[in-house]
Amino acid sequence: MSEVQAIKDTETIQLIGHLLSIRYHRQMADVWYIGLNLALRISDLLAIRFDDIHGDRLRIKERKTGKIADIQLNSKTLARIEKIRADHPDHVYLFQSHRCQQIKQLPPKPLSRRAVTLAFQQVGQELNLSLGTHSMRKTRGYMLYQATKDIGRVMKMLRHTSEGITLRYIGITQEDVDNDFIALEI
């Protein structure tokens, strides 16, 4: 399996969301757009419960690191969450599996990581991109870095401890560094 990439332009981001919506379901597009805005690992994103959302903030304990993620929700994310909540007022999870809802005797479960991975991979193949569940987090980091050029802010958002890991994670390559040297003449 090849390493997934950050998506580096907004048109492709929108196209991916559109394809997820029409090829799968609006729920997959919601995973994509909310995932882009929260920059969480997929295990944490899919585990979000509606009771983790307090007004305009999301507060969860990350499974991998045990760190607390206390995230201010932007207006686009809030609007998507409110739409999901309005459409499914009885759901426990933000991205609840509809299959479990059909089988009433089973407790509610979130979408599986596997289902999301497969949907993303298939849309990625259609667009000739290495697209996966980490693409959302990597894209958010890449976009913040491009907007601010502040690796410290990106590290804090992704809750990384090393600049090198963060730069590699968001896909800043030697070619990007070379282009910065060419573009900035003093």
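1. Two strands count as paired if DSSP finds at least two bridges between them, and strands here are DSSP runs of E with at least two residues, while helices are runs of H or I with at least four, both numbered from the N terminus. By that rule, β2 (residues 57-61) and β3 (residues 68-72) pair in the antiparallel sense over five bridges, and Arg-59 stands opposite Asp-70 in β3.

2. Before going further, please keep in mind that this is a predicted model, in which local features need pLDDT of at least 70 and side-chain atom pairs count only at pLDDT 80 or more, whereas totals for chains, interfaces and linings use all residues. Residues are numbered from 1 along each chain as its sequence is written, and side-chain values use heavy atoms, with hydrogens and water left out.

3. The sheet is open and consists of three strands in the order β1-β2-β3, with antiparallel pairing. Because β1 and β3 stand at the edges and each has a single partner strand, one side of each is left without a neighbour in the sheet. Strand β1 (residues 53-54) pairs with β2 over two bridges, and Ile-53 has Leu-58 of β2 as its bridge partner.

4. Both hairpins contain a glycine worth finding in the model. Between β1 and β2 there are two residues, and Gly-55 in this hairpin takes a positive phi near 65°; the hairpin of β2 and β3 has six residues between the strands, and there Gly-66 takes a positive phi near 80°.

5. In a regular strand the side chains alternate between the two faces of the sheet. Strand β2 shows this alternation, since Leu-58 and Ile-60 point to one face and are buried, while Arg-57, Arg-59 and Lys-61 point to the other and are not. Buried here means under 20% relative accessible area, exposed means over 50%, and partly exposed lies in between, for a 1.4 Å probe and protein chains only.

6. Turning to the helices, α1 (residues 10-23) and α6 (residues 113-127) pack at an angle of about 120° with their axes 10 Å apart, where axes are lines fitted to C-alpha atoms, for helices over the stretch in contact, and angles run from 0 to 180 degrees between N-to-C directions. The two helices are therefore oblique to each other (under 35 degrees is roughly parallel, over 145 roughly antiparallel, 65 to 115 roughly perpendicular, and the rest oblique). Their contact (heavy atoms within 4.5 Å) is made by Leu-15, Ile-16, Leu-19, Leu-20 and Arg-23 of α1 and by Ala-119, Phe-120, Val-123, Glu-126 and Leu-127 of α6.

7. Most residues other than glycine have a negative phi, and two residues deserve a second look in that light. Lys-149 is not a glycine but has a positive phi of about 55°; this residue lies in the loop between α7 (134-148) and α8 (151-158), and Lys-149 is partly exposed because its relative accessible area is 43%. Arg-159, also not a glycine, has a positive phi of about 60° and sits in the loop between α8 and α9, where Arg-159 counts as buried because its relative accessibility is 15%.

8. Finally, Thr-166 is found in helix α9 (residues 163-170) and counts as buried because its relative accessibility is 0%. Leaving aside neighbours within four places in sequence, Thr-166 is in contact with Ile-151, Val-154, Met-155, Leu-158 and His-160.
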